[in-house]
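Good morning, colleagues. Please take a moment with the sequence and the model before I begin, and then I shall go through the surface, the strands, the cores and the charged pairs.

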Amino acid sequence: MIPAIGYIRVSMMLEEKISPDIQRAAITELARRRGYRIIEWVSDLDVSGRTFQRKIMKVIAAVEDGNAKAILVWKYSRFGRNRTGNQLNLARVEKAGGELISATEEIDARTAVGKLTRGVLFELAAFESDRAGEQWGEAFQNRLARGLPPLGAAQFGYIRRGRAPHPLYPGTIADPQDGPERYEPDHASGMAGVLAEAYDRWIASRNFVVVAEWMKARGARTTRGVLFEPNELRRMMDRGFAAGLICIHHRECPCGKPQNCRNREYLPGAHEAVITMETWETYRRYRKIAAARPPRARRAVYPFSGLIKCGHCGMSMYVSHLRRKAYVCGSTKKKEVKCSTRHVTMDAFEEAVQQVLAEWLPDIETAAAAETAGLTVREVAESESDVLQRELERIDKALERQTELLIAEVIPQSSYEPLRDRLLGERSEVLSRLAEFEDQPEVKALMEYVPVVEGLIQEWDTLPADQLRDILAEVIHRVEVFRTDPTKAWIVVHSVWGETRQRVLPARFSKWRSPESVG
């Protein structure tokens with residue numbers, strides 16, 4: 001009997017959700033009639049055929065390795081709906097001496113007529129995919145225009161109104177008796193309050209594990225009915241639905257991978273927010289600080305994790321407990337040891353940083369007072385960004401107005417297209433300029449750093465290490481450590497506003513010395 005692999009795919013499209021059991025039964029019957037022995041079943045459940053980034057590639061590799069001679073599918077469309085992908089991967093199968101066989105579209109692809117028929121079936125599958133994609137794109141934009149989530153998914157802390165369960169298929173249909181589709185805060189169960197408090201608790205602790213455990217204790221569950229885990233909680237809070245926003249993949253991003261791309265944009269939603277915009281902006285600011293740190297530094301055990309660097313080689317320094325607690329250059333862990341003597345005791349290092357902060361405080365207070373007399377750098381940046389944002393809104397309204405005139409047949413297509421192209425070009429230019437502001441690090445007025453530095457000086461000994469690390473990252477970009485011999489070492493502290501300060505560390509069993517005392 002000829003070894004074959006049975007491949008089952010269930011698409012995300014509603015009309016393609018054919019039961020895997022139906023596909024398996026048809027493939028099994030085909031194998032029995034034609035003498036194939038199914039050595040393995042491979043299933044791609046709820047996966048689109050528009051991409052070949054799925055388990056079918058493992059099946060093709062098995063044919064190329066000689067483990068199987070045929071791939072059995074329910075229909076040719078199960079293999080794929082991408083024209084280029086179908087041709088390339090089918091060629092790989094046939095070059096390896098294998099064949100692709102449909103259980104419900106039995107043709108002899110070894111003949112000219114059979115190849116033509118199979119090509120037509122593949123083309124029809126691609127056409128259906130393109131048609132569905134266009135319809136989905138129209139529905140996507142329609143929902144965005146109404147301030148609704150494009151996927152129509154349930155949202156934690158909210159109740160979806162205006163929809164009723166579909167009587168035949170999974171999903172929902174419009175319910176005219178309940179009014180238009182909308183999302184309302186779930187105050188009755190208290191989950192809206194839980195969602196709002198989750199942001200406050202995270203801002204206070206900066207720890208998703210702590211907040212997830214608190215939500216579990218309150219009995220909060222995800223929209224899938226399971227208890228919150230830290231990663232699920234992070235994804236839910238990052239979407240910003242609680243702030244009255246709709247989070248989508250950036251419409252101008254050309255990556256083609258919306259599920260994994262981090263290039264997101266936030267649009268105003270039609271639903272009521274349960275947190276203030278100030279809370280949302282504070283959350284986003286702290287999330288940016290956390291995302292910029294290495295994963296091991298996000299739950300810091302020591303206050304300078306990820307902030308302290310060797311000034312000689314640039315490597316991060318780690319904590320050693322061999323003698324006294326000390327920060328040691330990370331290059332000592334590598335085979336080629338470059339900085340074996342680069343280390344400083346933790347107590348001396350932290351005391352030096354505290355002294356630098358104490359020196360900085362009166363200086364930034366004075367500079368902040370002078371800065372308030374004129375326009376700050378942040379206000380200039382915000383004013384330019386606001387102008388661009390208003391220009392973008394003007395272009396969008398003009399595009400919408402011209403489209404309405406075209407639909408109403410007030411203007412002909414020949415007049416509409418040149419104006420549309422010009423407006424789209426202007427929109428692309430404005431978006432690229434706005435992206436420059438998003439890519440730049442956040443610039444604050446010096447006055448905003450004063451309470452942070454004051455809090456660090458006053459609460460240094462009382463704050464937990466992870467919270468102290470997060471607050472330090474708001475004012476310190478990095479700290480470089482230099483040591484030329486066992487008796488001479490110093491640090492250079494780089495602030496986030498661009499200033500640097502040097503502080504000499506004491507020699508062993510000696511008193512502190514000022515930077516001027518170093519020759």
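**A nonpolar patch and what lies beneath**

I begin at the surface, where Leu-116, Val-120 and Leu-124 make a nonpolar patch of about 280 Å². A patch here consists of residues with over 30% relative accessible area and no salt bridge, with like charges joined within 9 Å and nonpolar side chains (Val, Leu, Ile, Met, Phe, Trp, Tyr) within 5 Å. Areas were computed by the Shrake-Rupley method with a 1.4 Å probe, and for residues only the protein chains shown count as cover. Leu-124 belongs to helix α5, residues 112-145. Leu-124 counts as partly exposed because its relative accessibility is 46%; buried means under 20% relative accessible area, exposed over 50%, and partly exposed in between, with a 1.4 Å probe and protein chains only.

A word on the source: this is a predicted model, in which local features need pLDDT of at least 70 and side-chain atom pairs count only at pLDDT 80 or more, while totals for chains, interfaces and linings use all residues. Residues are numbered from 1 along each chain as its sequence is written, and side-chain values use heavy atoms, with hydrogens and water left out.

Now to the chain as a whole. It has 14 helices and 17 strands; these are DSSP runs numbered from the N terminus, helices being H or I of at least four residues and strands E of at least two. Of the 519 residues in the chain, 40% are buried. The accessible surface of the chain comes to about 29300 Å², and carbon and sulfur atoms account for 53% of that area. Where do the contacts between residues at least 6 apart in sequence reach? In 61% of them, the residues joined are at least 24 apart, a contact being heavy atoms within 4.5 Å.

Next, the strands. Strand β1, residues 2-10, is mostly covered, with eight of its nine residues buried. Which strands pair with β1? One is β2, residues 36-45, which runs parallel to β1 and is joined to it by nine bridges; strands are said to pair if DSSP finds at least two bridges between them. Within this pairing, Ile-2 has Tyr-36 of β2 as its bridge partner. Another is β3, residues 70-73, paired with β1 in the parallel sense over three bridges. There, Ala-4 is matched with Ala-70 of β3.

I turn to the interior. In soluble globular proteins, nonpolar side chains tend to be buried together. The largest nonpolar core holds 37 residues, and those touching the most other members are Phe-156, Tyr-199, Trp-202, Met-215, Leu-233, Met-237 and Tyr-283. Such a core is a set of buried Ala, Val, Leu, Ile, Met, Phe, Trp, Tyr and Cys residues joined through side-chain atoms within 4.5 Å. At least two residues of this core come from each of α5, α6 (191-205), α7 (208-217), α8 (230-238), β9 (245-249) and α9 (277-291). Helix α6 gives the most, with eight residues. Apart from this core lies another, of 35 residues, including Tyr-327, Leu-357, Val-452 and Leu-468. As for Phe-156, the residues it touches include Met-191, Val-194, Leu-195 and Met-215, leaving aside residues up to four places away in sequence.

Finally, the charged pairs. The whole structure contains 34 salt bridges, each being a side-chain nitrogen of Lys or Arg within 4 Å of a carboxyl oxygen of Asp or Glu. Arg-143 pairs with Glu-181, with the closest N and O atoms 2.8 Å apart. This pair links distant parts of the chain, 38 residues apart: Arg-143 is in helix α5, and Glu-181 is in the loop between β7 (172-174) and β8 (182-185). Are these two partners buried or exposed? Arg-143 counts as buried because its relative accessibility is 11%, and Glu-181 is buried at 14%.

A further salt bridge brings together the side chains of Arg-501 and Asp-363, at 2.3 Å from N to O. These partners are 138 residues apart, with Arg-501 in strand β17 (residues 500-505) and Asp-363 in helix α10 (residues 346-371). Arg-501 is buried, with a relative accessible area of 17%, whereas Asp-363 is partly exposed, at 36%. In addition, Glu-29, Arg-32, Arg-33, Arg-34 and Glu-106 form one network through salt bridges that share partners. I close with Asp-363, whose C-alpha lies 9.8 Å from that of Val-450, a residue 87 places away in sequence.
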